[in-house]
Amino acid sequence: MKRAALVILMAVVVGEFAAVPAISAEITKPASGREDSKVFDVKTFGAVGDGKTLDTEALQAAIDACTQAGGGTVWVPAGEYVSGTLQLKSNVTLSLDHGAAILGSLDLKDYPVDKLRPSREGNSECLLYAEDATNIRLEGLGTINGRGKPKFFPINAGLNGADNRPRLIRFENCEKLTFSGLTYRNPAFWGIHLVDCRDVHFTGVKIRFRNNHSNNDGIDLDACENVLIENCDILSGDDAICLKSTLNPCRDIVVRNCVVSSHTAALKLGTSSTGGYIDVDVSNCHFYDCPMGGIKLQIVDGGRMENINIRRIVMDDVGSPLFIRLGNRGRTYAGNTHTGPDTGSGQAEGATVGSVKGVRIGDVVATVTFEARDRVAKAQAQGDVSMNFPEPGYRIEAQAGPIMIAGIPGHYIEDVMLENIQVSYPGGGTLEDTEHEVPEDIARYPEQYFFGVLPAWGAYIRHAKNIEFRNVKMSTRAPDARERIVLDDVDGFVDQ
């Protein structure tokens, strides 16, 4: 009986294995460069990978051959491949082995823009580019390093003072994008910039941009839809995860299980906000070492912000934990936009005022700290920040501010609920701080510290309706002469 049972079991097991499709030998064997292999070894196309030779043409040839074969994998073995702009195309997987690195060329002439779609915001130069493509995958254990230090790519060093620093990645109007496992380092300008893209998945990505150059955003999503960012480890100089909407809405965005640090903000919606932000869900993340603030939600160029849900967030060593701003910079993005007034002059640029409604933030534990003066100086030297106050200490105190929810006269932030929140503040506010007249700064680029040291240590709310605090516990670690909460032109505030 035992032998019969064993025979029956073996038959079942064999049947189960027989039902599993065989793994394609095309993908698992070393690439030969032949089109029928569907795997294209960049060295077969002449790439050297010695960290000195410019390999742009060889890498692009491998990508083009992969495309002509109907798609497949461009295989980058261990080595250092110096490259200028590469254009990825539909159905291409760029796969980097452990020890493989694509290094951005240090010569600006290797980033031509004549064949690229002009960027709607900022310059157009980039290391990796794609447009109107589908099913692109960047994967592996290797590195994409822009090597974008100020020494090689100074600000405004182009013709007539143009700022031509290349982004690391710029994809326009693409769909079915996957970013899996690679490490991204040191762009000269923004990092990963996706515009009008759909069905995007980031998983297991590592970003290392801190103290590299100015404007080193981590992931910028402009007018993107159906995006999942999960299990990522992000260390950026400028905003780490940043949603923009220069023309169309950013919507159906999910961020979860990420560890994030930034000198500017861990999570930011704005400032470019013409299309707005709809249906955004962020959960189970750790934000740390963000001296200019943890979470920033901003509508200043028109557009509407609706149904924003943020929960299960731990913030350590951050500036203001939450800054929600409805303003009227009013910038439009019909064409390429480089500059515009960022002062508090009150002169808007033409777009109508937008709206902020339906923000839910819950289950947050945050520790607010002052940034050390020497770190502010270091960040300034690296280009991560600019000093807007003559006395550095004033900026440091303003950065470590309270929760701030601020609309503008006649335009209110509405329906915001904070629930199950614990915030520990450093304290130290003075009676003089309670007399500070907070500027409206209606048309100014919004950073919370621009408003100075606020007259509240826990929350400052102005031009708002239907704001609810439920089980919001705020404390200071040192005495503070300011009020816990200050309300100015607020209708329907609940604190229980």
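The following paragraphs describe the overall make-up of this structure and then the spaces found within it. The model is a predicted one.

The chain as a whole provides the setting. Its 496 residues include a buried share of 54%. In secondary structure, the chain contains six helices and 32 strands. Contacts also reach across the sequence: of those that link residues at least 6 apart, 75% join residues at least 24 apart. Towards the outside, the chain exposes about 19800 Å² of surface, and carbon and sulfur atoms account for 51% of that area.

Attention may now turn to one of the open spaces, the second largest pocket. Its volume is about 330 Å³. Fourteen residues form the lining of this pocket, and those nearest its centre are Thr 56, Gln 60, Thr 85, Leu 86 and Pro 112. Two elements, α3 (56-68) and β5 (86-87), each contribute at least two residues to this lining. Of the elements, helix α3 makes the greatest contribution, with three residues. The character of the lining of the second largest pocket is mixed, with four nonpolar, five polar and five charged residues.

The enclosed spaces come next. Three cavities of 30 Å³ or more are present in the structure. The largest cavity has a volume of about 70 Å³. Its lining consists of Ile 295, Met 315, Pro 321, Leu 322, Ile 361, Val 364, Ala 366, Ile 403, Leu 418, Ile 421 and Val 423. Strands β28 (355-368) and β30 (413-425) are the elements that provide two or more residues each to the lining of this cavity. In terms of class, the lining of the largest cavity comprises eleven nonpolar residues, with no polar and no charged ones.

The second largest cavity holds about 50 Å³ of space. Around this cavity lie Gly 104, Tyr 111, Leu 127, Gly 146, Gly 148, Phe 153, Pro 166, Arg 167, Leu 168, Pro 187 and Ala 188. Seven of the lining residues of the second largest cavity are nonpolar, three are polar and one is charged. The three polar members are Gly 104, Gly 146 and Gly 148, because glycine is counted in the polar class. The charged member is Arg 167, since arginine belongs to the charged class.

Set side by side, the linings can be read by class. The second largest pocket has five charged residues in its lining, the largest cavity has none, and the second largest cavity has one.

Definitions and conventions. Residues are numbered from 1 along each chain as its sequence is written. This is a predicted model: local features need pLDDT of at least 70, side-chain atom pairs count only at pLDDT 80 or more; totals for chains, interfaces and linings use all residues. Side-chain values use heavy atoms; hydrogens and water are left out. On a 1 Å grid over the protein atoms alone, a cavity is a set of points where a 1.4 Å probe fits but cannot get out, and a pocket is an open set with protein on both sides within 12 Å along at least five of seven lines; lining residues have an atom within 4 Å of a point. Grid points are joined across faces, edges and corners, and a volume is the space filled by probe spheres set on the points. Helices (H or I, at least four residues) and strands (E, at least two) are DSSP runs, numbered from the N terminus. Buried means under 20% relative accessible area, exposed over 50%, partly exposed in between (1.4 Å probe, protein chains only). Contact means heavy atoms within 4.5 Å. Accessible areas come from the Shrake-Rupley method with a 1.4 Å probe; for residues, only the protein chains shown count as cover.
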